[in-house]
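Reader: I have a structure open in front of me, and I would like to learn how to read it step by step. Could we start with how far to trust it?

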Amino acid sequence: MSKPSPFVIGPAVLMLAGLGCGFSRQRTPAIGEGFVAPMSLQVRSDLTPRAPVTATVRHGERVEVLSYRRRFAEVRTAEGIEGWTDGRQLLSAKAMTALRDAHEQGRILPSQGRLIAFDLLNVHIGPNRLSPSFSQLTEDAPAELIERKVTARTPYDPNRDTSRDPVPEGTLKDDWARVRLPDGRSGWVLARMTMMDLPDEITQFANGHRITAAFPMGTVFDDGQSHQSWLWMTIASPPEEFQFDSMRLFAWNPKRDRYETKFVERGLRGYYPVLADTTEQGAPRIRVITEKENTLIRRTFVLTNGRLRLVDTEPWTPPAPPRDRAISRVNPDEGSPWQRLRLWWRGQKN
């Protein structure tokens with residue numbers, strides 16, 4: 001029997017080789033998309049905890065979701081790298097849009113003072129201990145306080161705001177502060193891990209009360225040195241309904257070489273936002289919203305000759321919040337002064 005001709009075998013071999021080299025493994029079709037919630041998220045080659053890390057994705061980056069297995073998601077990064085990660089750390093497109101809206105809203109909310117952290121502190125995307133942390137607050141980088149909220153310790157749902165759910169009796173709660181970071185983004189930190197950025201000579205007078213707002217109110221000069229005057233708001237025990245129950249003005253006394261109280265008012269039910277600015281003459285001015293007999297009142301104080309004087313009082317109704325922002329979805333049945341104020345505060349534009 002004669003040997004096969006190489007001219008017959010050659011084309012067949014080449015055809016098979018072409019089939020092997022010309023077709024690569026098809027990409028797994030995506031079943032959805034997700035956006036990275038924490039500062040960074042590792043993608044591993046397999047579900048095992050010690051599987052090699054194939055990629056690291058950053059906050060806000062988009063990934064394609066290929067499949068789910070329990071709480072894990074198989075994803076593909078923008079570079080085409082596939083692997084497994086914690087599905088609870090991914091936000092839906094709707095949730096990511098709401099987060100971006102919250103950042104935009106946080107840029108325009110008035111500051112209630114500067115906060116500093118006792119130690120390195122995680123900044124969460126929501127007022128929940130289990131919500132992802134997208135940044136950190138350091139001791140030497142103050143942030144601006146823009147909101148406070150008391151929420152129940154509930155399981156975290158990345159695609160739903162559970163902070164508005166009814167709180168069962170006996171549920172543990174946390175006091176949260178919403179802060180605006182130097183880059184303009186805003187997030188939530190545990191309030192008990194922070195303090196207002198104030199001189200020690202003043203904070204010693206807090207007597208265990210929580211300082212919830214603080215504003216500079218002019219300067220006193222003594223022997224060539226300047227001493228900032230401060231107005232603060234405090235609360236004895238942070239509840240859910242209002243932000244402060246007293247306000248107090250401190251100014252430097254050159255004769256006694258110390259800070260002293262120049263104004264104090266207690267027994268309040270005060271709400272954010274407290275607005276601080278100056279008059280046309282340059283005098284420090286403060287606008288405070290308080291509740292009296294189930295009515296919201298805005299009072300305006302001006303600092304003149306070292307004295308805080310009341311110059312105007314008027315009933316105050318929060319403007320209706322915009323309806324087209326994800327952050328402003330509200331319950332139309334809420335109607336108490338605090339509830340109306342809260343709805344306006346979350347949807348405020350100016």
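Author: This is a predicted model, and a good place to begin is the stretch of residues 324-334, where pLDDT stays under 50 although the model has 21 contacts beyond four places in sequence for it. Over residues 12-20 pLDDT also stays under 50, but there the model has zero contacts beyond four places in sequence. The protein chain as a whole averages a pLDDT of 84, and 81% of the residues score at least 70.

Reader: How should I read a sheet, and in what order do the seven strands of the open sheet lie?

Author: In general, strands of a sheet pair through backbone hydrogen bonds, either parallel or antiparallel. Here the order is β15-β16-β17-β18-β19-β20-β21, with antiparallel pairing. Because β15 (210-222) and β21 (307-315) each have a single partner strand, they stand at the edges, and one side of each is left without a neighbour in the sheet. On average, neighbouring strands of this sheet are turned by 30° against each other, direction ignored.

Reader: Over how many bridges do β19 and β20 pair?

Author: Strand β19 (residues 284-292) and strand β20 (residues 295-304) are joined in the antiparallel sense over eight bridges, and Arg-287 stands opposite Thr-300 in β20.

Reader: Which residues touch the most other members of the largest nonpolar core?

Author: In soluble globular proteins, nonpolar side chains tend to be buried together. In this core of 49 residues, those with the most such neighbours are Leu-231, Trp-232, Met-233, Met-247, Val-288 and Leu-308, while β15 supplies the largest share, six residues. A second, separate core has 10 residues, among them Ala-55 and Leu-90.

Notes. Residues are numbered from 1 along each chain as its sequence is written. This is a predicted model: local features need pLDDT of at least 70, side-chain atom pairs count only at pLDDT 80 or more; totals for chains, interfaces and linings use all residues. Side-chain values use heavy atoms; hydrogens and water are left out. pLDDT is the predictor's confidence in each residue, from 0 to 100. Contact means heavy atoms within 4.5 Å. Two strands pair if DSSP finds at least two bridges between them. Helices (H or I, at least four residues) and strands (E, at least two) are DSSP runs, numbered from the N terminus. Axes are lines fitted to C-alpha atoms, for helices over the stretch in contact, and angles run from 0 to 180 degrees between N-to-C directions. A nonpolar core is a set of buried Ala, Val, Leu, Ile, Met, Phe, Trp, Tyr and Cys residues joined through side-chain atoms within 4.5 Å. Buried means under 20% relative accessible area, exposed over 50%, partly exposed in between (1.4 Å probe, protein chains only).
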